[in-house]
Amino acid sequence: QGKEQCREALISLIVVPDVDVPGELGQPRFGGASASGDSLGRVRGASAEQAVLYLRVLTWNVSDVVDRLSAAVPEDADWSVADNIAAVQAQALRLKPDIVALQECRSEVPLGDLAREYRLFGTARSHCGFVHLYVVRGLETRELVTSAGVPAVGVTVRLVDGLDVDVVAVHFLAGEHNAAARGHILSHDLKHLLQQKRPLVFAGDFNVREDEAAKWRERFGVQ
C-alpha cells in the first residue's frame, strides 16, 4: 500500500503547477499577447500558431532504453525506470520550455504525459534508442530537414520580429574512439544547417570532451 501511495504522489507531480513563470525582461511569451495566459504562457483562446519573443529549450538524456537507474539512486530505493520517466515529464512540465529534446527514448511513441502539452515534432534513431523533439502546442514552426540516417531531428521556430531560429536535437556516438564520427556528422551530414544564415541551436547529448568541443568551436563556429 505504501508503494502505491508513493506512485500516486509522483503522478500528482505531473500536473502543471498553477504558478506564473515570468517572461524574459517581464515580457509576455507571445507577440501581442495580453497579460492573460495559460499555465504554459500561451494566450487563452488562441486558435492559430503564434511567434514567440524568446525561446526556451530543455534537453535531457532520459536513459529509457535499458533498465538502469542513475548511480545517484540508492541500491535499496523503491524507484524504477518508469518512475524515472514519469519524474522527467513532471519536471519538464514544471519548467515549461518551448522545446524539449530527449535522448535514449525507448521507442518512437510520444511520452504520454508530455504529449498533453507538447506535440512530438519528430524522432530519429540513434546508437541508443531514439531522439525525440517536442514543441509546445501553439508555437509557429516548420519542418527543418536533416539528413536521413543521422541521429538528429530539427524544427524551425518563428520569433515575433520575423527571425527564424533552427533547433536540432541530436545524440552523437559515445567514446573517444568515435570522435571522428562525431566530427563527420557536423562537417558532412549537418553541414547545410551550419551554412544557413540564421541562428542555430543544437540540443542533446554530444558525448564530447572539452578538447574536442574546443576544436568544434574553432572549426564550426559553435558556442
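In this predicted model, W60 faces L102 across a strand pairing, L102 being a residue of β2. Strand β2 covers residues 99-105, and β1 and β2 run parallel to each other, joined by 5 bridges. Helix α2, residues 81-95, packs on the sheet and touches β1 and β3. The direction of α2 makes about 170° with that of β1.

**Two sheets**

The sheet that holds β1 and β2 is open and has 4 strands, in the order β1-β2-β4-β3, with mixed pairing. Strands β1 (57-61) and β3 (118-125) each have a single partner strand, so they stand at the edges and one side of each has no neighbour in the sheet. On average, neighbouring strands here are turned by 15° against each other, direction ignored.

Another open sheet of 4 strands has the order β5-β6-β7-β8, and its pairing is also mixed. Its edge strands are β5 (141-144) and β8 (200-205), each of which pairs on one side only. From one strand to the next, the twist averages 25°. Strand β6, residues 152-158, runs antiparallel to β5, and 4 bridges join the two. Within this pairing, R142 stands opposite T156 of β6.

D205 belongs to strand β8. With a relative accessibility of 18%, D205 counts as buried. Beyond its neighbours within four places in sequence, D205 is in contact with N61, Q103, V170, H171 and F172. One of these contacts, F172, appears again below as a member of a ring pair.

**Helix α6**

Helix α6 spans residues 210-220, and its buried residues are E212, A213, W216 and F220. The four lie on the same side of α6, because they cover an arc of only 100° around the axis. An α-helix has 3.6 residues a turn, so residues three or four places apart point the same way.

What does the buried side of α6 pack against? The buried residues of α6 pack against α4 (179-189) and α5 (191-194). On the face turned away from that buried side, the exposed residues are E210, D211, K215 and E218.

A213, one of the buried residues of α6, has a relative accessible area of 15%. A213 and Q223 are 10 residues apart in sequence, and their C-alpha atoms are 8.9 Å apart in space. Just after the helix, G221 takes a positive phi of about 75°.

**Aromatic pairs around W216**

The structure holds 3 aromatic pairs. Two of them involve W216 and are set out in the table.

| Pair | Distance between ring centres | Angle between planes | Class |
|---|---|---|---|
| F172 and W216 | 5.9 Å | 70° | edge-to-face |
| F206 and W216 | 6.3 Å | 80° | edge-to-face |

F172 lies in the loop between β7 (164-171) and α4, while W216 lies in helix α6, so their pair ties together parts that are 44 residues apart in sequence. Both F172 and W216 are buried. The pair of F206 and W216 also links distant parts of the chain: F206 is in the loop between β8 and α6, W216 is in helix α6, and the two are 10 residues apart.

Is F206 buried, partly exposed or exposed? F206 is partly exposed, because its relative accessible area is 23%, and the buried class ends at 20%. W216 is buried, with a relative accessible area of 10%. Through these ring pairs, F172, F206 and W216 are linked into a cluster.

**Confidence of the model**

The chain has an average pLDDT of 79, and 75% of its residues score at least 70. Over residues 15-28, pLDDT stays under 50, and the model has 17 contacts beyond four places in sequence for this stretch. Residues 32-47 also keep a pLDDT under 50, with 25 such contacts in the model. Where pLDDT is low, the predicted coordinates should not be read in detail.

Terms used. Residues are numbered from 1 along each chain as its sequence is written. This is a predicted model: local features need pLDDT of at least 70, side-chain atom pairs count only at pLDDT 80 or more; totals for chains, interfaces and linings use all residues. Side-chain values use heavy atoms; hydrogens and water are left out. Buried means under 20% relative accessible area, exposed over 50%, partly exposed in between (1.4 Å probe, protein chains only). The arc is that of the directions from the helix axis to the C-beta atoms. Contact means heavy atoms within 4.5 Å. pLDDT is the predictor's confidence in each residue, from 0 to 100. Two strands pair if DSSP finds at least two bridges between them. Axes are lines fitted to C-alpha atoms, for helices over the stretch in contact, and angles run from 0 to 180 degrees between N-to-C directions. Rings of Phe, Tyr and Trp (its six-membered ring) pair if their centres lie within 6.5 Å; planes under 30 degrees apart count as stacked, over 60 as edge-to-face and the rest as tilted.
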